[in-house]
Every structure is written in structure tokens, then in C-alpha cells.
Amino acid sequence: MLLDIPCIIFAGGKSSRMGEDKALLPFADFPTLTHYQLNRLSKIFHSVYISCKSKEKFDFQANFIEDTNKELFAPTAAFISIFSHLNVDKVFVISVDTPFIDTEIFTYLIKNDINQYDATVAIVDDEIQPLCGIYHRSLLERFLEMEKNDTHKLHYLLKNSNVNFVNFEDKEKFLNLNNQEEYQQALQKLK
């Protein structure tokens, strides 16, 4: 059975540490990491969207949510666009560059999320994983305020909101492809 909460793949970052757009890197048998994530997550979630600056960079069909603020390269812009586009109370977010986070993690986070929280977010090795979790519409005002004040640290927002941090042990599943070395590591892991 597919998970009912909308899943949003965050694929609008600058990828400065990678040196090229990581959302467009080939992965597994797919032409891009984004295509890989979309295919994989569509088998887990009822509806999957791709959050990006411009859908023009992708050569496949999908449900895209383009940032209304094209200049701001921060998750803040994505969250504002997502909650403006979707009439839902909460969304599950995942970064395009975390291809090993699995159904077990998704379902455990969903099971631990209740409406009294503003968000339910994964932690591994005492490190917050801000782009692996559930965000509630109750944070929209805070995101708008952050955009207005030009402050975009998700860690700060999460530490100062009503958040359920859920601990996970398996650091390998949270491998984040920030640079070429981590990308190569992930390609090896696929084999």
C-alpha cells in the first residue's frame, strides 16, 4: 500500500561542492539522480513532486513545483512554493542526493508524526537530517518570515520549533552525495 502523504524531492540546490548539478548526475540505470529518485519513490508514495528552480532542466514528465523565488537558493523558497502549490497540511521531504533512505525510515517517521508537531525529522549520529522528514503547514508563517529576514538556516528553525526528532542508527542509509567522492561511493554501493 502506498503512503498517503505527498512526497517532495528537493532538487533545486546549487550543488556547489559537487561542481555540477547533482540532480542531473546519472545514477543506477537512470539518466539522472532525480529520475532515479522519482521512479523509486513513486513505488512508495501515492504522490511525488519535484521541487526545483526550473523544470526546463529535466527531460522527463513529472509533477514539478517550481520555486516562485528564483534568486534564493535555500530550502525556504521551496517550502513556501510547496505550501502555496499544494493544499495539504503536511508533506514528506527528501533531498535528491539521499538515494538510500528507504521505506522503513519513511514509515517510522510517519508513525512518529502527530499533528501537535510542526515537523518530524530524522537524526543520525546526533546530526539533524533537515531534508528527511515531515513538515507541517504550521511552519509556513515562519518560512515567510525567514524569507523576509533573509535567514535560511533550517537547523535554527527546527531547533526553535515544536519538532519531534527521531533517531536512526544506520548512517549508511543517510549517505548524502555532496561531492564527487561521495557520488563515487554511492555508485560503488549500488554494485
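This report describes the largest pocket, the salt bridges and two individual residues of a predicted model.

**The largest pocket**

The largest pocket of the model has a volume of about 1200 Å³. Its lining is made up of 44 residues, and those closest to the centre of the pocket are R17, S95, L131, N176 and N178. Two or more lining residues are given by each of the elements β2 (48-52), α2 (75-85), β6 (127-136) and α5 (154-159), and it is β6 that supplies the largest share, with six residues. In chemical character, the lining divides into 19 nonpolar, 13 polar and twelve charged residues.

**Salt bridges**

The structure holds eight salt bridges, and the table sets out a selection of them with the separation of their nitrogen and oxygen atoms.

| Lysine | Acidic partner | N to O distance |
|---|---|---|
| K53 | D67 | 2.7 Å |
| K173 | D102 | 2.7 Å |
| K189 | E172 | 3.4 Å |

The side chains of K53 and D67 meet in a salt bridge; since K53 lies in the loop between β2 and β3 (63-66), and D67 in the loop between β3 and α2, the pair ties together parts that are 14 residues apart in sequence. K53 is buried, because its relative accessible area of 10% falls under the 20% limit, and D67 likewise counts as buried, at 4% relative accessibility.

K173 forms a salt bridge with D102, and because K173 lies in the loop between β7 (163-168) and α6 while D102 lies in the loop between β4 and α3, this pair ties together parts that are 71 residues apart in sequence. D102 and K173 also belong to a network of salt bridges in which E104 is linked with them.

E172 forms a salt bridge with K189, and with E172 in the loop between β7 and α6 and K189 in helix α6, the parts that this pair ties together are 17 residues apart in sequence. Both partners count as partly exposed, E172 at 45% relative accessibility and K189 at 35%.

**Two individual residues**

T98 is found in the loop between β4 (90-95) and α3 (103-111), and at 4% relative accessibility T98 counts as buried. Leaving aside residues up to four places away in sequence, T98 touches Q37, R40, F174, L175 and N176; of these contacts, N176 is also one of the residues closest to the centre of the largest pocket.

K191, by contrast, counts as exposed at 79% relative accessibility, and K191 is found in the segment after α6 (180-190). The C-alpha atoms of K191 and A28 are separated by 9.0 Å, although these two residues are 163 residues apart along the chain.

Key:
Residues numbered from 1 in each chain as written. Predicted model: local features only at pLDDT ≥ 70, side-chain atom pairs only at ≥ 80, totals over all residues. Heavy atoms only, no water. Helix = DSSP H or I, 4+ residues; strand = E, 2+ residues; numbered from the N terminus. Buried < 20%, exposed > 50% of the residue type's maximum accessible area, 1.4 Å probe, protein only. Contact = heavy atoms within 4.5 Å. 1 Å grid on protein atoms, 1.4 Å probe; cavity = no way out; pocket = protein on both sides within 12 Å on 5 of 7 lines; lining within 4 Å. Points joined across faces, edges and corners; volume = space filled by probe spheres on them. Nonpolar A, V, L, I, M, F, W, Y, C, P; charged D, E, K, R; others polar. Salt bridge = Lys/Arg side-chain N within 4 Å of Asp/Glu carboxyl O.
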